[in-house]
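Colleague: Before I rely on any label in this model, I would like to hear the reasoning behind it. Could we go through the labels one at a time?

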Amino acid sequence: MKIAVLLKSGPSSVEAHRALRVTSDMLSQGHTVYLYLLQDAVHFCQPDIENASSIELNRLVGEKLRVNFLIQDAELRGIDVKSVKKETPAGNFETLMDLMESSDQVIGLL
């Protein structure tokens, strides 16, 4: 099953921790999972961020979690999108809509 998880809370939030736990559970069940970072969640893209959630996100990427971020939200928050890791491609509203339409399930987390 293809599952899209939309996260808009920042890396140090309870919601981000919950989203990573949910995605980990879904990956372990054999699902294809896409995490789309929106609003404050785009701070996960900053290369110098180092906290428990960012470490867990990197681990999940190694387990085949696919991560994208909304470029408009990153730019609004002053993130240099050229410095974002290549494993985290930028997207726009069109790619977000394509992901939502092509997924079997969409989960939105605050």
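The exchange below goes through the sheet, a helix, the cores and some single residues.

Modeller: Please keep in mind throughout that this is a predicted model.

Colleague: What is the order of the strands in the open sheet, and which are the edge strands?

Modeller: The open sheet has five strands in the order β4-β3-β2-β1-β5, with parallel pairing. The edge strands are β4 and β5, because strands count as paired when at least two bridges are found between them, and β4 and β5 each pair on one side only.

Colleague: How do you know that β3 pairs with β2 and with β4?

Modeller: The cut-off is at least two bridges. Strand β2, residues 32–37, is joined to β3 by four bridges, and one of the partnerships is that of Tyr 36 with Asn 68 in β3. Strand β4, residues 90–91, pairs with β3 over two bridges, and there Leu 70 stands opposite Gly 91. Both pairings are therefore accepted, since four bridges and two bridges satisfy the requirement of at least two. Elsewhere in the sheet, β1 and β2 pair in the parallel sense over six bridges, with Ile 3 opposite Val 33 in β2.

Colleague: What makes β3 a largely enclosed strand?

Modeller: Buried means under 20% relative accessible area. Four of the five residues of β3, which spans residues 66–70, are buried, so the rest of the structure largely encloses this strand. As for the connection to β3, the chain leaves β2, passes through helix α2 (residues 52–62) and arrives at β3 in a right-handed β-α-β crossover.

Colleague: Why are the buried residues of α2 said to lie on the same side?

Modeller: The buried residues of α2 are Ser 53, Ser 54, Leu 57 and Leu 60. They cover an arc of only 120° around the axis, which means that they are on the same side of α2. An α-helix has 3.6 residues a turn, so residues three or four places apart point the same way. The buried residues of α2 are covered by elements that include α1, β2 and β3, whereas Ala 52 and Gly 62, on the other side of α2, are exposed.

Colleague: What polar contact is found at the start of α2?

Modeller: A side-chain oxygen of Asn 51 comes to within 3.0 Å of the backbone nitrogen of Ser 53. The cut-off for a polar contact is 3.5 Å, so this pair falls inside it.

Colleague: Why is Ser 9 called buried, although it lies in a loop?

Modeller: The loop that holds Ser 9 runs between β1 and α1, but the label rests on accessibility. Ser 9 has a relative accessibility of 12%, and because the limit for buried is under 20%, Ser 9 counts as buried. Its contacts, leaving out residues up to four places away in sequence, are with Glu 15, Ala 16, Asp 40, Ala 41 and Leu 110.

Colleague: What makes Lys 64 and Gln 39 worth pointing out, and how are they classed by accessibility?

Modeller: Most residues other than glycine have a negative phi. Lys 64, in the loop between α2 and β3, has a positive phi of about 85° although it is not a glycine. Gln 39, in the loop between β2 and α2, has a positive phi of about 45° and is not a glycine either. Lys 64 is at 62% relative accessibility and therefore counts as exposed, the limit being over 50%. Gln 39, at 36%, falls between the limits of 20% and 50%, so it is partly exposed.

Colleague: Which residues have the most contacts inside the largest nonpolar core?

Modeller: That core has 25 residues, and those with the most contacts inside it are Val 5, Leu 7, Leu 35, Leu 37 and Leu 65. The elements that give two or more residues to it are β1, α1, β2, α2, β3 and β5, and the largest share, five residues, comes from α1. A second, separate core of eight residues includes Ala 4, Tyr 36, Leu 70 and Leu 99.

Colleague: Is Gly 108, in strand β5, buried or exposed?

Modeller: Gly 108 has a relative accessible area of 57%, and since exposed means over 50%, Gly 108 is exposed.

Key: Residues are numbered from 1 along each chain as its sequence is written. This is a predicted model: local features need pLDDT of at least 70, side-chain atom pairs count only at pLDDT 80 or more; totals for chains, interfaces and linings use all residues. Side-chain values use heavy atoms; hydrogens and water are left out. Buried means under 20% relative accessible area, exposed over 50%, partly exposed in between (1.4 Å probe, protein chains only). A crossover is right-handed if, with the strands pointing away from the viewer, the path from the first strand over the helix to the second runs clockwise. Contact means heavy atoms within 4.5 Å. The arc is that of the directions from the helix axis to the C-beta atoms. A polar contact is a pair of N or O atoms within 3.5 Å; within protein, one must be able to donate a hydrogen and the other to accept it, and residues adjacent in sequence count only if both atoms are side-chain atoms. A nonpolar core is a set of buried Ala, Val, Leu, Ile, Met, Phe, Trp, Tyr and Cys residues joined through side-chain atoms within 4.5 Å.
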